[in-house]
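Visitor: I'm new here and would like to learn how to read a structure like this one. Could you walk me through it?

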Amino acid sequence: HERCRRLKIALSNEVNDYNPANGGKAPAPIGALHANKRDSTAGVVSNLLYSDDGSTPTKDEIFKSLTSQTVEIVLTAHPTQVNRRTLLEKHSRVQKILTEADEVRSSKGTSYRQQQLDDALRREIASIWQTDEVSRVKPSPQSEAERGTLVIETVLWEVLPNFLRKLDATMKSSMGDDYSLPLTASPFKFASWMGGDRDGNPNVTPNVTREVCLTNRIKAAELLEKDIREIMGSLSGNPPRGMDGTCRFESAAMQRIRDRVGKDSRAPYRSFLHPVAERLANTSAWARAELQKVQNGGVSDEGSLFSTDDIFLNKDELMEDLITVHESLCDTGNAVAADGRLVDVIRKVSAFGLTLVPLDVRQESDRHSEALDCITRYLGLGSYLQWDEAARVNWITNQLQSKRPLIRSGAWNDNGEIFTPTAVDTLETFKMISEQYDESLGAYVISQCTSASDIMAVLLLQRDAGVKKPLRVAP
């Protein structure tokens, strides 16, 4: 909180104590992002645009760089480094109390209100003091992943769209209104190793990764449903109509909304978004049923109660509906409503999708070599492990060019005398990858990667498992 307080003071000083620099060419800072620091976003843009060294890039070049590049932040944590949910929530409440207390002091609020805030702060501190900081039970990979992604649910879910809103304001202030941040731009993406990193951790099985992927989908659907219903509460209006009852503004987006809800709807945006919220609720229920099926060894069939038309499996469909609402509001003279909470939700969908955070699968290279060794011995081709690098690369290259599968799916379970338990686990992992829906997984990370065949082995195993969209390989 103290760092945030200093940041607010510094931003305020930048605006209040602005001294035109570079001959007055640079616009005055607006207090969204630091403009006087060379290592801050606004400071970089300002220095690039208004430097005197003769190497000033054009606004179009800066805009292209800001909107085309993406930074992926990978979340990974040791179990002892993961905070408990209850403490994260308490810390958040303390921060809100301190922020409100600052505002009360600066506005010289009543002593009664100050006393109420002091008492609230004392209660939170007393509760934190008596709360165990760590879990006394060894966490499972699933619970570790759930605790690890709390930072998204409790912090990043609101912080990221707030930052992008500030970035958008800074871009327009520095370069003009024509250079606003596109709605679907994703300067930041997130991934996680928790639930997917099986290197040296035998507890991370294919079913563990399945469970974590489904749990992430449940949480993403719940968070998005809550946001959509909040938007429904605010978009209660109806575009202006003429005496004949027709909309006064011609809009293809508005027509798409009317086609779904009917021309007589008095709250078309609410009616249009209601099935979206219901579909997100169905998505959460479907994912819970699928999770139960995995946990029960596939005996539950509740997931079959939902058809693909009842749920969201790809963020593109959800994004299309949200963009339609935004375009309609702008086309019908209500851009101020369009650029409110709706923009934040569109940017959340762009950054987090329907999976909250995709999992990276991580495994050491020796496990892939062992799996291929079992396959070559099963096929009567000899031992892959005894081949030299040239022979491995040549054989994998031929297999990648062939459309014939190496081995029947599940054959490793019927030939225990050839396939070792670790090889079976590796092949089951690739089978699991082939079953995942879009954006559930991110990259396949190979640890201890030392040769080209180590990378090619992962490509071959993905192809042979029937992975429709192979994961990018990160050695």
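Visitor: How many salt bridges does a search of the whole structure find?

Guide: Before that, a word on what you're looking at: this is a predicted model, where local features need pLDDT of at least 70 and side-chain atom pairs count only at pLDDT 80 or more, while totals for chains, interfaces and linings use all residues. Residues are numbered from 1 along each chain as its sequence is written, and side-chain values use heavy atoms, with hydrogens and water left out. Now the general idea: side chains of opposite charge can pair when their charged atoms come close. A salt bridge here is a side-chain nitrogen of Lys or Arg within 4 Å of a carboxyl oxygen of Asp or Glu. The search of the whole structure turns up 29 of them.

Visitor: Which parts does the salt bridge between arginine 256 and glutamate 327 tie together?

Guide: The two side chains meet at 3.3 Å, N to O. Arginine 256 lies in helix H9 (residues 252–261) and glutamate 327 in helix H11 (residues 315–331), so this pair ties together parts that are 71 residues apart in sequence. Helices (H or I, at least four residues) and strands (E, at least two) are DSSP runs, numbered from the N terminus.

Visitor: Are those two buried or exposed, or something in between?

Guide: Buried means under 20% relative accessible area, exposed means over 50%, and partly exposed is in between, using a 1.4 Å probe and protein chains only. Arginine 256 is partly exposed at 39%, and glutamate 327 is partly exposed at 35%.

Visitor: Where does lysine 315 sit, and what does the salt bridge with glutamate 439 link?

Guide: Lysine 315 is in helix H11 and glutamate 439 is in the loop between H16 and E4, so to speak two distant parts of the chain, 124 residues apart. Their closest N and O atoms are 3.8 Å apart. Lysine 315 counts as buried at 12% relative accessibility, whereas glutamate 439 is partly exposed at 34%. Glutamate 439 also has a positive phi of about 70° although it is not a glycine.

Visitor: What other residue has a positive phi although it is not a glycine?

Guide: Leucine 356 has one, of about 65°. You'll find leucine 356 in the loop between helix H13 (341–352) and strand E3 (359–364), and it is buried, with a relative accessible area of 2%.

Visitor: Back to charges: which salt bridge does arginine 408 form?

Guide: Arginine 408 pairs with aspartate 414, with the closest N and O atoms 3.6 Å apart. Arginine 408 counts as exposed at 51%, and aspartate 414 is exposed at 54%. Elsewhere, salt bridges that share partners join Glu158, Asp227, Glu230, Arg341 and Lys348 into one network.

Visitor: Which side chain of opposite charge is nearest to aspartate 464?

Guide: For this, Lys and Arg count as positive and Asp and Glu as negative, with His and the chain ends not counted. The nearest one is arginine 463, 4.3 Å away, and aspartate 464 is buried yet has no salt bridge. Aspartate 464 is in helix H17 (residues 452–465). Leaving aside neighbours within four places in sequence, aspartate 464 is in contact (heavy atoms within 4.5 Å) with Pro405, Leu406 and Ile407.

Visitor: And what is aspartate 168 in contact with?

Guide: With the neighbours within four places in sequence set aside, aspartate 168 touches Ser180, Leu181 and Arg347. The side chain of aspartate 168 reaches the backbone nitrogen of leucine 181 at 2.7 Å. Aspartate 168 lies in helix H7 (residues 150–175) and counts as buried at 11% relative accessibility.

Visitor: How many aromatic pairs are there?

Guide: Rings of Phe, Tyr and Trp (its six-membered ring) pair if their centres lie within 6.5 Å; planes under 30 degrees apart count as stacked, over 60 as edge-to-face and the rest as tilted. By this rule the count is 10. The rings of tryptophan 286 and tyrosine 437 have centres 5.4 Å apart and planes at 70°, so that pair is edge-to-face. Tryptophan 286 is buried at 4%, while tyrosine 437 is partly exposed at 38%. Trp157, Phe190 and Phe352 form one aromatic cluster.

Terms used. A polar contact is a pair of N or O atoms within 3.5 Å; within protein, one must be able to donate a hydrogen and the other to accept it, and residues adjacent in sequence count only if both atoms are side-chain atoms.
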